Each structure stands twice: as structure tokens, then as C-alpha cells.
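Please describe the strand arrangement in the structure shown below, with attention to how the central strands pair and how they are covered. A table of strand pairings would be welcome.

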Amino acid sequence: SGQFYQHATTEASQATLASVSPVFAVMKLDKEGNTTFFEKKKTELYQELGLQARDLRFQHLMSIATRNNRIIVRMEFLKAVITPEFLLILDYRNLNLEHWLFNELASQLAGEGQLVTYSLPFEFRAIEAILQYRISKLQGRLNTLQPQILETLEALVDPKLLSVDRSKLHILLQNGKSLSELETDLKVFKETILEILDEEELIEELCLSKWTDPQVFEESASGIDHAEEMELLLENYYRQAEDLANEARELRVLIDDSESIIFINLDSHRNVMMRLNLQLTMGTFSLSLFGLIGVAFGMNLESSLEEDPRIFWLVTGIMFLGSGLIWRRLLSFLGRHLEPPLPPHVPALLKKSQPAARRVEIKNNLKAETFGLSRSTLTNQ
């Protein structure tokens, strides 16, 4: 009874697990480009493929691994399983890859596209098609960002503008974030391929037909090394990713340099405003200093000067003349301390030594040529 209860419990748990296990919408493509669609539970799918449940786990990080003579490719939202006979795309309905999956991938696998590895086994074509699609997407993102960034930077670095357009800065910030994401994706792509290139065993495991088809293995041993072909294929796309990373890095350097120029322009405008404010402050100080005379005469004090009608114009003239003189003195003091220093004077000794050194060099060359001619003359004699 205990064994029967345990068996019944195991069957019930398996049935419950099967009922809650996810269902994959699978797209299957064979060597001739024929496409079939079906749905299958995850448990049934990894059992048919001879894989483990963790091999079909959802992960957005890029990875290329081999399990039981199967190649498992995870590339952002794309998850594929490659065998020597067919290619499986899992959950193709949830991917934004309809144009590539339905219009390009089947023809590429059948040899109608521009794949270099058409004469090689099926897994080479499948890997190249996936890598080519990934590189083209990264290239498209870079081609979209580059003109936007250049146009925004050209508008921001314009020296005629006294202020910076905040909308342009917001666009530049968004483009900078997109560029950072692109650089991260390129870095992950390169690291994934480089990890395979550094291990010779991993490259050998990617050549599925070499171990399943004896004829392919014999051809490989007789002179066609599929491992070298796989290595060249991966190196090609690694080099393309490296070129894209260099272009993205140049854009990043251009953004940093442009930010420095923008800050320099803003500092220059700020310095102009500060200098103008300082000049106005000095003018106000000068006028207020001689305004004390008017304050003194404006007090309710009796003197003989207020009876003379010419004294008002005399005091007013002295006030403005004195204020102007003090203001000009302050401006000259400010100009002397704010002007950039003159470049250091080059001593005359250095200027005279250069022709002398030139003459010594010419004399040495003439001596060398004369010595060579004398040797040739002695040899002829």
C-alpha cells in the first residue's frame, strides 16, 4: 500500500508539473528551408532534444553553449537550438523578429542568401545567420544614433549661441544613454565570441556534423578542418563587432569633447557677465564716493555757498569728473590683472645656436660623403 501511495503521489506530482509547465511556440527550419510551426511543453521539448530543463531557461544575456550535440544560442530575446538537421526558434511569437524569421531566415538556410558557409554543414549556416542578424541590428542602431548625435552636437557647439538649448541637451542625454546600451551590447557580444575563440575544445564542440556524420569527419581529417572554418567564422564577426565598438567609442569621445567645449563657452559667457557686473559695481562705487559732496551740501546747514547760483554746476561737474576719473583708474587696474600673460621671450642665444648646429650637421654630412668618396677611389685604384 505504501508503494502504491508513493507511485500515485509521483504520478500526481508529475501531472501537476506538466499542467503548469510553460508551452513553447516553436518554429522549426530544416536544411532545405522548409518551415513548420507547433506548440510543445517545455518538459516534452527538452526530453526530445536530450537536454536539461536549465538549458531552456529564459535568459536575456547572450551565450552560445553546446549540450548533448546541440548548440543552444541565447541572444537578447532570441533563443534557438541548433542540431545537425534543423533549427528551432523558441517563442517566436513574442519576438520582434517577424521580418527576419519569415522572410529571410528560411532562404538563408536554404542557400538563397549571401551566407559564406553555404557549402559547409547546416550548423555553420544557422550560426552565421544568427550572428549576421545580430550584427546587422547593432549596425542599424549605430547608424540611427550617429547622425542624431552629430546633428545635436553641431547645434550645441555653435559659438554664436549665448545659451544652451535645453531641449537639445535632453536629446543628447537620451542619445548618450542609447549609446551606452549599444556599447554594453557590443561588449557582451565580443566577450561571448572571444570566450569561445580562447577554448579550442569549445570550437570543436560547435562542429556538430563532424562527430555525427563519419563521412564529414573523414573529409575533415583529409584536409577540410571544420574547426578552423568555425574559428574563422567567429573571428570575422568578432572583428565586425570590434569595428562597431570603435565607431561607438569615437562617438563617445566626440560627446565628451563637445561637452568640454560647451562648458568652456558657458564659462566664457559667465566671465563676460561677471566682468560687466564688476564694471557697473565700480562705476556705482565711484559715483557714490563723490556723491558725498552732494550729501554734505544737501544737509540743512547754512553757508555762503548756497547763495551763489554757479556753485551748483561747479559741484556737480566736480562730482562727475572725479567719479569718471576713479572709474577709469579702476578699469585700468582690472584690465592689467585680467589680461593673459605674454608668452615667454625666447633668448637670442637659442636662435643663434640653431644655425650653428645646422652648420655642424652639414659639415658632418660633407665629411661623411668625402670619406665615402675617398674609400671608393682607393678601392678602384
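Two strands are said to pair if DSSP finds at least two bridges between them, and the strands (E, at least two residues) and helices (H or I, at least four residues) are themselves DSSP runs, numbered from the N terminus. This is a predicted model, in which local features need pLDDT of at least 70 and side-chain atom pairs count only at pLDDT 80 or more, while totals for chains, interfaces and linings use all residues. Residues are numbered from 1 along each chain as its sequence is written, and side-chain values use heavy atoms, with hydrogens and water left out.

The strands form an open sheet of 6 members in the order β2-β1-β6-β5-β4-β3, with antiparallel pairing. At its edges are β2 (35-41) and β3 (63-67), each of which pairs on one side only. From one strand to the next the twist averages 20 degrees, where axes are lines fitted to C-alpha atoms, for helices over the stretch in contact, and angles run from 0 to 180 degrees between N-to-C directions.

Strand β5 is joined to a neighbour on either side, as the table sets out.

| Strand pair | Bridges | Direction |
|---|---|---|
| β4 and β5 | 5 bridges | antiparallel |
| β5 and β6 | 3 bridges | antiparallel |

Between β4 and β5 there is a hairpin with 2 residues in between, and E76 in this turn has a positive phi of about 55 degrees. M75 has L78 in β5 as its bridge partner. A second hairpin connects β5 to β6 through 3 residues; across this pair V81 stands opposite L88 in β6, and A80 has I89 in β6 as its bridge partner.

Is β5 buried or exposed? Because 5 of its 5 residues are buried (under 20% relative accessible area with a 1.4 Å probe, protein chains only; exposed means over 50%, and partly exposed lies in between), β5 is largely enclosed by the rest of the structure. Both faces of β5 are covered, with L78, A80 and I82 buried on one side and K79 and V81 buried on the other.

Helix α2 (residues 42-49) lies across β1 (23-30), β2, β4 (70-75), β5 and β6, and runs at about 115 degrees to β2; contact here means heavy atoms within 4.5 Å.
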